[in-house]
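Work through the following exercises with the sequence and the coordinates side by side. Each task is followed by a solution that proceeds step by step.

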Amino acid sequence: SSDSATNPSGSIMFKNTAASGNGGAISAKGEVTVTSGSNIYNNTASVNGGAIFAESKVTVVNSAVSSNTATEGSGGAISTLAGVAVSDSSTVSGNTAEVNGGAISAAGEVTVSTSTLNSNTATEGSGGAISAAGKVTVSNSEFIENVAMDEGGAIYGESEVIILKPMIPWEKTYFTENSADFGGAIYAGDSVKISDANFEDNTAE
């Protein structure tokens, strides 16, 4: 582990394993920043954060974090004791966690803008794509085919969930074919505020 980590531009990190702990590729006591076309894929942690575990904020900009696994914990791609920001055409896809947050598990706030979170799974918990203790704010993004066993096929928020109206009129956020027992697309412990979003073929079973 380290105090902080910045993934170099355009770098690739794959097939790493944390056999008895957190963060298959990266474990940091400070912030983690992934940027400029980086790819982090096919990493595994036995507990939390299949790719990344951090005690501070995790930022993903114009990068891909895909096909990572938290085999017995939360945050298939990212697990943090703070917040997460995903932006600028990032893709977080095909990640799996046994418990909460198929892609992202955060103790703080999560923001997603102009990005895609698809085909992530929380096999026995909540938040197919995102599980957050803090506020979740989304704008101009897509959540497609995320699955949670319990609550929030795409997003599980213990606080409020806000879908913002994009600045450009023809842009919006899409929730498509997400599924969970409760809240096929979104489950919130507090309020849900939606501006200009499209919900199609989401399922609560």
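Two strands count as paired if DSSP finds at least two bridges between them. The model to which this rule is applied here is a predicted one.

**Exercise 1. Pairing around strand E13**

Task: Determine which strands pair with E13, in what sense they run, and whether the residues of E13 are buried or exposed.

Solution. Begin with strand E9, residues 58–61, which is joined to E13 by 4 bridges and runs parallel to E13. Within this pairing, Val 60 is the residue that stands opposite Val 86 of E13. Next, take strand E17, residues 110–113, which pairs with E13 over 3 bridges, again in the parallel sense; here Val 84 has Val 110 as its bridge partner. Finally, consider the side chains of E13, which spans residues 84–87: Val 84 and Val 86 lie on one side, Ala 85 and Ser 87 lie on the other, and all four are buried, so that both faces of the strand are covered.

**Exercise 2. An open sheet**

Task: Give the order of the strands in the open sheet that contains E20 and E24, and state which strands form its edges.

Solution. The sheet is built from 7 strands with parallel pairing, and its order reads E4-E8-E12-E16-E20-E24-E28. Its edge strands are E4 (26–28) and E28 (186–188), each of which pairs on one side only. Neighbouring strands of this sheet are turned against each other by 5° on average, if direction is ignored. As an example of one pairing, strand E20 (residues 130–132) and strand E24 (residues 155–157) are joined by 3 bridges and run parallel, with Ile 130 standing opposite Ile 155 in E24.

**Exercise 3. Positive phi and a buried asparagine**

Task: Locate Asn 42 and Glu 145, which have a positive phi without being glycine, and classify their exposure.

Solution. Recall that most residues other than glycine have a negative phi. For Asn 42, phi is near 60°, and the residue lies in the loop between strand E6 (39–41) and strand E7 (44–45). Asn 42 counts as partly exposed because its relative accessibility is 34%, a value between the limits of 20% and 50%. For Glu 145, phi is about 55°, and this residue is found in the loop between strand E22 (142–144) and strand E23 (147–148). Its relative accessibility of 38% likewise makes Glu 145 partly exposed.

A further step concerns Asn 43, which is also found in the loop between E6 and E7. Asn 43 has 0% relative accessibility and therefore counts as buried. The side chain of Asn 43 reaches the backbone oxygen of Tyr 41 at 3.1 Å.

**Exercise 4. Salt bridges**

Task: Identify the salt bridges of the model, and find which residues are joined into one network.

Solution. The criterion is a side-chain nitrogen of Lys or Arg within 4 Å of a carboxyl oxygen of Asp or Glu, and by this rule the count comes to 3 salt bridges. One of them joins the side chains of Glu 160 and Lys 193 at 3.6 Å, N to O. This pair links distant parts of the chain, since Glu 160 is in the loop between E24 and E25 and Lys 193 is in strand E29 (residues 192–194), 33 residues apart. Lys 193 is partly exposed, at 46% relative accessibility.

Turn then to Asp 196, whose side chain meets that of Lys 165 in a salt bridge of 3.6 Å, N to O. Asp 196 lies in the loop between E29 and strand E30 (197–200), whereas Lys 165 lies in the loop between E25 and E26, so the pair ties together parts that are 31 residues apart in sequence. Asp 196 counts as partly exposed at 26% relative accessibility, while Lys 165 is exposed, with a relative accessible area of 57%.

Asp 196 also forms a salt bridge with Lys 172, in which the closest N and O atoms are 3.5 Å apart. Lys 172, in the loop between E25 and E26, is 24 residues away from Asp 196, and its relative accessible area of 25% makes Lys 172 partly exposed. Through shared partners, the salt bridges join Lys 165, Lys 172 and Asp 196 into one network.

Methods
Residues numbered from 1 in each chain as written. Predicted model: local features only at pLDDT ≥ 70, side-chain atom pairs only at ≥ 80, totals over all residues. Heavy atoms only, no water. Helix = DSSP H or I, 4+ residues; strand = E, 2+ residues; numbered from the N terminus. Buried < 20%, exposed > 50% of the residue type's maximum accessible area, 1.4 Å probe, protein only. Polar contact = N/O pair within 3.5 Å; in protein donor to acceptor, adjacent residues only side chain to side chain. Axes fitted to C-alpha atoms, helices over the stretch in contact; angles between N-to-C directions.
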